[in-house]
Amino acid sequence: MTARNSAAAQAATMRANARRGVWQRLLAALGVRTGRVRRADAVAARWEHGAAGEAATARLVAALGSQGWVIRHDLRMPGSRANLDHLLVSPCGTAVVVLDSKHWHRGRTTLLRNGRVFCGIEDRQWQVDAVARYARRVSRALDVPGVVVWPLLVIHGSPIAGGRLEASAPDWGGVVHVLGPARLVPTLAAAPKAHDPARAAVVAARVDRVLHPYA
């Protein structure tokens, strides 16, 4: 399944909506950007930045398909308006990875400080907490005995101190892994100890029944 990239679609919608109306079209024809348009363009640019990270992650994890991983992109979160950037079922059929893509400032290092994840001086722990919440919801929605859900954050742009971080999140008993793109595929590829295509197919079918495409 290819990445639909709802972030890019959202950005395009924002830009189009800000330019609706005769007056806005007239001003645009005259080369004038109103405050409304400038604000929409600024927000849309952030969405497009994120969309680039999602597309880069999709290209990276595509290589795992030949190793037995089942890969899905841009799924609707059960009971929420949020979307799941990427979801992967392991070849052994015992793990589901909820993978969130971020594109953070290239000139600032991502690190752990007092148990919280920062990008430079910016506290980004809320994004770690979010992917842990997504993993909890996915686990409840799938409800497959013996399947563990892993929350994982891949950071494009910002270098990660030590190459990878193991963060924690409220009400999440395990680790939230924070990786750079260079560590992503090797980390996942090394995880399965055995392959069980039949079990993986059952889990993938369950994913497709309960987690629908966002679009």
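**Exercise 1. Find the bridge partner of Asp-100 in E7, then place the two strands in their sheet.**

Solution. The partner of Asp-100 in E7 is Leu-153. Strand E3 covers residues 95-103 and strand E7 covers residues 148-156; the two run parallel and 9 bridges join them. Strands (E, at least two residues) and helices (H or I, at least four) are DSSP runs, numbered from the N terminus. Two strands pair if DSSP finds at least two bridges between them.

This is a predicted model: local features need pLDDT of at least 70, side-chain atom pairs count only at pLDDT 80 or more, and totals for chains, interfaces and linings use all residues. Residues are numbered from 1 along each chain as its sequence is written, and side-chain values use heavy atoms, with hydrogens and water left out.

Next, the sheet. It is open, with 6 strands in the order E1-E2-E3-E7-E9-E8 and mixed pairing. E1 (70-76) and E8 (164-169) are the edge strands; each has a single partner strand, so one side of each lacks a neighbour in the sheet.

**Exercise 2. Which strands does helix H5 touch, and at what angle does its direction stand to that of E7?**

Solution. Helix H5 (residues 181-189) touches E2 (83-89), E3, E7, E8 and E9 (172-179). Contact means heavy atoms within 4.5 Å. The direction of H5 makes about 155° with that of E7. Axes are lines fitted to C-alpha atoms, for helices over the stretch in contact; angles run from 0 to 180 degrees between N-to-C directions. Helix H6 (residues 197-210) lies across E1, E2 and E3, at about 165° to E2.

**Exercise 3. Trace the salt bridge of Arg-72.**

Solution. A salt bridge puts a side-chain nitrogen of Lys or Arg within 4 Å of a carboxyl oxygen of Asp or Glu. By this rule the count is 5. Arg-72 pairs with Asp-208, the closest N and O atoms being 2.9 Å apart. Arg-72 sits in strand E1 and Asp-208 in helix H6, 136 residues apart. Arg-72 is buried at 16% relative accessible area, while Asp-208 is partly exposed at 36%. Buried means under 20%, exposed over 50%, partly exposed in between (1.4 Å probe, protein chains only).

**Exercise 4. Which residues are linked with Glu-122 in a network of salt bridges?**

Solution. The network links Arg-108, Glu-122 and Arg-124. Step one: Arg-108 meets Glu-122 at 2.8 Å, N to O. Step two: Arg-124 meets Glu-122, with the closest N and O atoms 2.6 Å apart. Step three, burial: Arg-124 is buried at 15%. Arg-108 is partly exposed at 30%, and Glu-122 is partly exposed at 30%.
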